[in-house]
Amino acid sequence: MTPGPDRQPLDRAFFDRPVLEVAPDLLGRVLVRRTPDGPIELRLTEVEAYAGPADPGSHAYRGRTERNAVMFGPPGHAYVYFTYGMWHCLNLVCGPEGHASGVLLRAGEVLHGHERAHERRPKARNDHELAKGPARLATALGVDRRLNGTDACAGADAPLGILTGHPARPDQVLSGPRTGVGGEGATHPWRFWIDGDPSVSPYRAHTPRRRSATRRQVGT
């Protein structure tokens, strides 16, 4: 049986475009996470764009490292990073190979596999909170560094994939500053979300991290 138009996988050409085109176009698309326990499907409702060497907020701003190497690879691959010593975040690489831009998947609505998502996110009070924020999204889907570099365009057997879904209409899409980004990149309006969707995370401005008094005393 041929899948409907909303079940067609997005190909690599979709991601081989400027990040500010790809990011809002991902809203309403369906992220599929395939696990041994069964699939989880999620409709993307909030994303953020990061433009590599041209973007002070990007992990790739200062060039290639072991941590961000996937961002410099082919478009359509997953870049997964670990942050604050406890959370993972999932990004999709886009633009031409070597350019190092990507889209952070910030939030979404779980469409299928709720029970599996709730097992990973037992503190979620309702379905809207399962993937309300990038760390929650990654946790609900069982995403960690083992998926770093995964090709999301590799087909139905890959652990990650993106389906056409129902793209958000332009009049549904809002944009504003990215959450938690400071410095020169703080005001870039590169966070995109579906207006009024309950799964979208609240905006939080960047808060500078302060060194503890103990660390200041020893001069570190």
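**Exercise 1. Determine which strand supplies the largest share of the lining of the second largest pocket, and describe that pocket.**

Solution. Strand β6 (residues 160-163) gives the largest share of this lining, 4 residues. Strands here are DSSP runs (E, at least two residues), and helices are runs of H or I with at least four residues, both numbered from the N terminus. The model is predicted: local features need pLDDT of at least 70 and side-chain atom pairs pLDDT 80 or more, whereas totals for chains, interfaces and linings use all residues. Residues are numbered from 1 along each chain as its sequence is written, and side-chain values use heavy atoms, without hydrogens and water.

Next, the size: the second largest pocket holds about 160 Å³ of space. A pocket is an open set of points on a 1 Å grid over the protein atoms alone, where a 1.4 Å probe fits, with protein on both sides within 12 Å along at least five of seven lines; lining residues have an atom within 4 Å of a point. The volume is the space filled by probe spheres set on the points.

Then the lining: of its 13 residues, Pro9, Arg34, Gly155, Ala156 and Leu163 are the closest to the centre. By class there are 8 nonpolar, 2 polar and 3 charged residues, with Pro counted as nonpolar and Gly as polar.

**Exercise 2. Describe the lining of the largest pocket.**

Solution. The space in the largest pocket is about 1,200 Å³. Its lining comprises 40 residues, and Tyr81, Thr83, Tyr84, Thr179 and Gly180 are the closest to the centre. At least two lining residues come from each of β2, β3, β4, β5 and α4; the largest share, 4 residues, belongs to β5. The classes are 16 nonpolar, 14 polar and 10 charged.

**Exercise 3. Identify the parts of the chain that are joined by the salt bridges of Arg43, Arg106 and Arg178.**

Solution. A salt bridge requires a side-chain nitrogen of Lys or Arg within 4 Å of a carboxyl oxygen of Asp or Glu. The whole structure has 14 of them.

Step one: Arg43 and Glu109 meet at 2.8 Å, N to O. Arg43 is in strand β2 and Glu109 in strand β5 (residues 101-112), so this pair ties together parts 66 residues apart in sequence. Glu109 is partly exposed, at 27% relative accessible area; buried means under 20%, exposed over 50%, and partly exposed in between (1.4 Å probe, protein chains only).

Step two: Arg106 meets Glu46 at 2.9 Å, N to O. This pair links β5 to β2 across 60 residues, and both Arg106 and Glu46 are buried.

Step three: the closest N and O atoms of Arg178 and Asp55 are 2.6 Å apart. Arg178 lies in the loop between β7 (173-176) and β8 (191-194), and Asp55 in the loop between β2 and β3 (78-83), 123 residues apart. Arg178 is buried at 0% relative accessibility, and Asp55 is buried at 0% as well.

Finally, shared partners join Glu46, Glu48, Arg106 and Arg191 into one network.

**Exercise 4. Establish how far helix α4 is covered, and by which elements.**

Solution. Of the 8 residues in α4 (residues 134-141), 6 are buried: Pro134, Ala135, Leu137, Ala138, Ala140 and Leu141. These pack against β1 (30-35), β2, β4 (87-94), β5 and α3 (114-120), with contact meaning heavy atoms within 4.5 Å. Gly142 follows α4 and has a positive phi, near 70°.
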